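Here are my notes for you on this one. Keep the structure open beside you and look up each residue as you read.

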Amino acid sequence: MNAPAHNLFEVVPLSQHIGAEIRGLDMSKPLDSATIKAIYQTWLDHTVIIFRGQKLTQEDHLQATSYFGTQGHIRRPPKYFPPGFDRVAPGIMFISNIRENGEPIGALPDGEMMFHHDMIHSEIPDKGTLLYSIEIPSTGGNTLFASGYAAYETLDPALRAKLEGRNALHHYNYGSTQKGDGKGTEAYGRAAHPAIRTHEESGRKSLYVNRLMTVGLEGMSDEEAAPILEAVFDHCEKPEFVYSHKWRVGDLLLWDNRCSSHAREDFPANERRLMLRTTVQASVKPHF
């Protein structure tokens with residue numbers, strides 16, 4: 001599947017619809033404008049891009065983030081910015097199950113997560129997320145990426161007609177609070193966005209709903225919307241639309257939050273996992 005795009009680096013597609021590895025670049029080194037432009041276009045073309053075998057300081061991570069736009073604001077409590085592990089540069093968040101004094105040092109520490117779009121419950125969700133792996137478990141913890149483009153383009157016309165021109169309602173809740181087990185994250189945001197959104201740069205349409213955060217459709221009762229959304233969720237998560245990323249230490253991965261959703265597989269709770277996360281701000285609200 002090797003497919004060199006140009007003479008600046010090699011692009012290796014990772015699945016039919018989503019994901020590509022970029023080879024031949026050291027992201028700890030400053031890049032020239034032509035290379036940055038080519039990387040950005042590769043990201044738009046493939047939605048998810050991976051740089052393997054990187055050795056990045058936190059400053060390097062922030063520099064890489066800047067190639068894709070303005071760094072997003074971290075919206076997490078201060079406890080997710082502990083000292084140590086080099087230093088935690090402003091704007092970098094830990095994703096980790098490592099515990100100190102019984103408390104996780106990072107956000108989203110344990111277990112699996114259903115498919116979702118980052119910050120879809122905010123008025124202007126971030127357009128991209130970068131994740132850099134420092135420690136990974138021996139098994140599990142894969143991140144799954146689903147193409148919203150492919151899902152839209154293959155959606156049953158009758159279902160598509162029920163979504164066209166309609167906003168979906170999104171609620172920040174990572175699932176388990178609804179089960180009453182006390183282990184979830186209390187909701188703090190709600191937003192409405194087009195169920196089918198047009199990417200402001202590619203011009204392509206994608207499905208913009210997900211199983212974890214989408215709770216309804218404007219203009220429909222919950223009873224009417226629920227079976228429609230369930231059918232759309234099932235369609236979006238079909239294996240043929242998904243790339244499963246098996247992490248290695250030193251992976252830097254960037255996904256386009258505007259046209260993809262992602263999920264996490266479970267992993268051993270007794271094995272350490274540490275990722276550093278940054279985001280890239282969007283400049284416009286999602287639109288039809």
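1. Start with strand 3. Val48 and Ile50 point one way from this strand, while Ile49 and Phe51 point the other way, and all of them are buried. That fits a general pattern: in a regular strand the side chains alternate between the two faces of the sheet. Before you go further, bear in mind that this is a predicted model.

2. Now look at who sits beside strand 3. Strand 2 runs parallel to strand 3, and 2 bridges join them. Here Ala20 stands opposite Ile49 in strand 3. Strand 16 pairs with strand 3 too, this time in the antiparallel sense and over 4 bridges. Which residue of strand 16 is the bridge partner of Phe51? That would be Leu252.

3. Zoom out to the whole sheet. It is an open sheet of 7 strands with mixed pairing, and the order is 1-2-3-16-8-18-4. Strand 1 (10-13) and strand 4 (93-96) are the edge strands, each pairing on one side only. If you ignore direction, neighbouring strands in this sheet are turned by 25° against each other on average.

4. Next, the helices on this sheet. Helix 1 packs on the sheet and touches strand 1, strand 2, strand 3, strand 8 and strand 16. The direction of helix 1 makes about 130° with that of strand 3. Helix 2 (residues 58-66) lies across strand 8, strand 16 and strand 18 (274-280), and runs at about 30° to strand 18. In helix 2, the buried residues are Gln58, Asp60, His61, Leu62, Ala64 and Thr65. Their cover includes strand 8, strand 16 and strand 18.

5. Back to those buried side chains, because there is a core to find. The largest nonpolar core has 24 residues, and Met27, Ile39, Ile49, Phe51, Phe68 and Leu252 touch the most other members. Two or more residues each come from strand 2 (20-23), helix 1 (33-46), strand 3 (48-51), strand 8 (128-135) and strand 16 (252-256). Helix 1 gives the most, with 6 residues. Try clicking on Phe51: leaving out residues up to four places away in sequence, Phe51 touches Ile22, Leu25, Met27, Ile39, Gly250, Asp251 and Leu252.

6. There is a second, separate core of 20 residues, and it includes Met220, Ala225, Ile228 and Phe241.

7. Have a look at helix 5 (residues 222-236). Its 15 residues reach 20 Å from the first C-alpha to the last, close to the 21 Å expected at 1.5 Å a residue. Ala225, Ile228, Leu229, Val232, Phe233, His235 and Cys236 are buried in this helix. Why do they line one face of the helix? Seen down the axis of helix 5, its buried residues fall within an arc of 155°, so they share one face. On the other side, Glu223 and Pro227 are exposed. The buried residues pack against strand 9 (143-147), helix 3 (148-153), helix 4 (157-163), strand 13 (205-207) and strand 14 (214-217).

8. Last stop: His235, which lies in helix 5. Is it buried or exposed? His235 has a relative accessible area of 7%, and buried means under 20%, so His235 counts as buried. Setting aside neighbours within four places in sequence, His235 is in contact with Ala151, Thr154, Leu155, Leu207 and Phe241. Check Asp156 as well: Asp156 and His235 are 79 residues apart along the chain, and their C-alpha atoms are separated by 9.2 Å.

Key
Residues are numbered from 1 along each chain as its sequence is written. This is a predicted model: local features need pLDDT of at least 70, side-chain atom pairs count only at pLDDT 80 or more; totals for chains, interfaces and linings use all residues. Side-chain values use heavy atoms; hydrogens and water are left out. A nonpolar core is a set of buried Ala, Val, Leu, Ile, Met, Phe, Trp, Tyr and Cys residues joined through side-chain atoms within 4.5 Å. Buried means under 20% relative accessible area, exposed over 50%, partly exposed in between (1.4 Å probe, protein chains only). Contact means heavy atoms within 4.5 Å. Two strands pair if DSSP finds at least two bridges between them. Axes are lines fitted to C-alpha atoms, for helices over the stretch in contact, and angles run from 0 to 180 degrees between N-to-C directions. The expected span of a helix is 1.5 Å times one less than its number of residues. The arc is that of the directions from the helix axis to the C-beta atoms.
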